[in-house]
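Here are some short exercises to work through with the structure open beside you. Try each task before reading its solution.

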Amino acid sequence: MHNSIEIPLFIEIEENGLHLINETLRRLNIYINNPLIVTDKGKSSDYALIVKREMDIDDDMVVYVENNTIEQVDIVEKIARKKKCDFIIGVGGGLALDISKMASYKFGSYFISIPTLPSHDGISSPVASLRDGNIRKSMGAAMPMGIIVDLDVMVDAPKRFIHSGIMDLLSNHSALMDWELAFNKGYEVRFNGFAKAIASSAADNVLNYPYNDILTKEFLHLSINSLVLSGIAMEIAGSSRPASGAEHNFSHAYDMLYPDNKLLHGEKVGLGTLIISFIRSKKEYERMYACYKRFNLIESIRELNIPMDNIIKSVLKAKEIRRDRYTILTELSISYNEIEKIIQEILL
Ligand SMILES: [Zn+2]
């Protein structure tokens, strides 16, 4: 048995990080000959243009992606191949990073991740969330060679995205319990203690953060480091298991039932974590709930006004999807009314 893992060569989280990109790369002895920038058409494109200017990249070496489809990946891969690019630099929230990591994987170029939002652990994970027709899929992709984060960009992110990142981190605890459960019951052959240690430390960084104010550069630094650690835990595990259990199945189920929803990944996962923790153990739930309360996350979820019926149907549906992934929901029989009571108590 052996383990072959890919870990980024560098992670640089600093103020003014975008403007300092040349100095950073030079200091790290990273030489880039012909990079392709991939970004989206939203606010991230402003940040991508800073990178373009600083690195003196031509206009035709910037691709604006519009959706997270396989077709979009193919377009980026073709351009990178035609232009003989050595690096793909993804600048964005989630979309541009997912497309970049998959296009780099298929083409074989290096990938640098420049996240512009701290909202999920995909900023440095070997998994891309893509659409194949109408189906959203999590697919294996390239780990970034490096991650560059500008704290001035992150601190400008709307609160909702910061909350989302926290909830994606906290969900690791729920995911790890499901992974261990599946392993102990013989439904999972591989369980890796290193991956568990890393994923749970990443969640603990946030769970045990001693201050209530999370809209600070200090907290964002910690949170982004932790999101990157989550991604590395997935790479070590060789699957998303350390950061994705029943609570993520709830989120996937919600997306399957309500594909046009505008909720963030971390918001669905965050609600899922509370529901699953409530079902799993009182102690776990109370620990989670206290943290959610402290960071105003319960308030945040309430303000989303997610219809009760949607939540309940997604919990029921979560049982059916990813049948290969054994979780606490697999062995549970729970009724519509029972779930309704749980949600009422959580969001009281
Ligand atoms: Zn997640």
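A residue counts as exposed if 12 or fewer other C-beta atoms lie within 10 Å of its own, as buried if there are 20 or more, and as partly exposed in between. Keep in mind that this is a predicted model.

**Exercise 1.** Decide whether N305 is buried or exposed, and describe its backbone.

Solution. Start with the neighbour count: 7 other C-beta atoms lie within 10 Å of N305, so this residue is exposed. Next, place N305 in the chain: the residue sits in the loop between α12 and α13. Finally, check the backbone: phi of N305 is positive, about 50°, although the residue is not a glycine. For background, most residues other than glycine have a negative phi.

**Exercise 2.** Repeat the analysis for N296.

Solution. First, N296 belongs to the loop between α11 (282-294) and α12 (297-303). Its phi is again positive, about 65°, and N296 is not a glycine either. Then count: N296 has 14 other C-beta atoms within 10 Å, so it is partly exposed.

**Exercise 3.** Describe how α9 packs with α13.

Solution. Begin with the geometry: α9 (residues 246-257) and α13 (residues 308-318) pack at about 115°, and their axes are 8 Å apart. The handedness comes next: α9 and α13 make a right-handed crossing. Now list the partners: from α9, the contact includes F250, Y254 and L257, while α13 contributes residues including K313, V315 and A318. To finish, sort the contact residues by type: 8 are nonpolar, 3 polar and 2 charged.

Conventions. Residues numbered from 1 in each chain as written. Predicted model: local features only at pLDDT ≥ 70, side-chain atom pairs only at ≥ 80, totals over all residues. Axes fitted to C-alpha atoms, helices over the stretch in contact; angles between N-to-C directions. Helix = DSSP H or I, 4+ residues; strand = E, 2+ residues; numbered from the N terminus. Left-handed = near helix turned anticlockwise from the far one by under 90°. Contact = placed C-beta atoms within 7 Å. Nonpolar A, V, L, I, M, F, W, Y, C, P; charged D, E, K, R; others polar.
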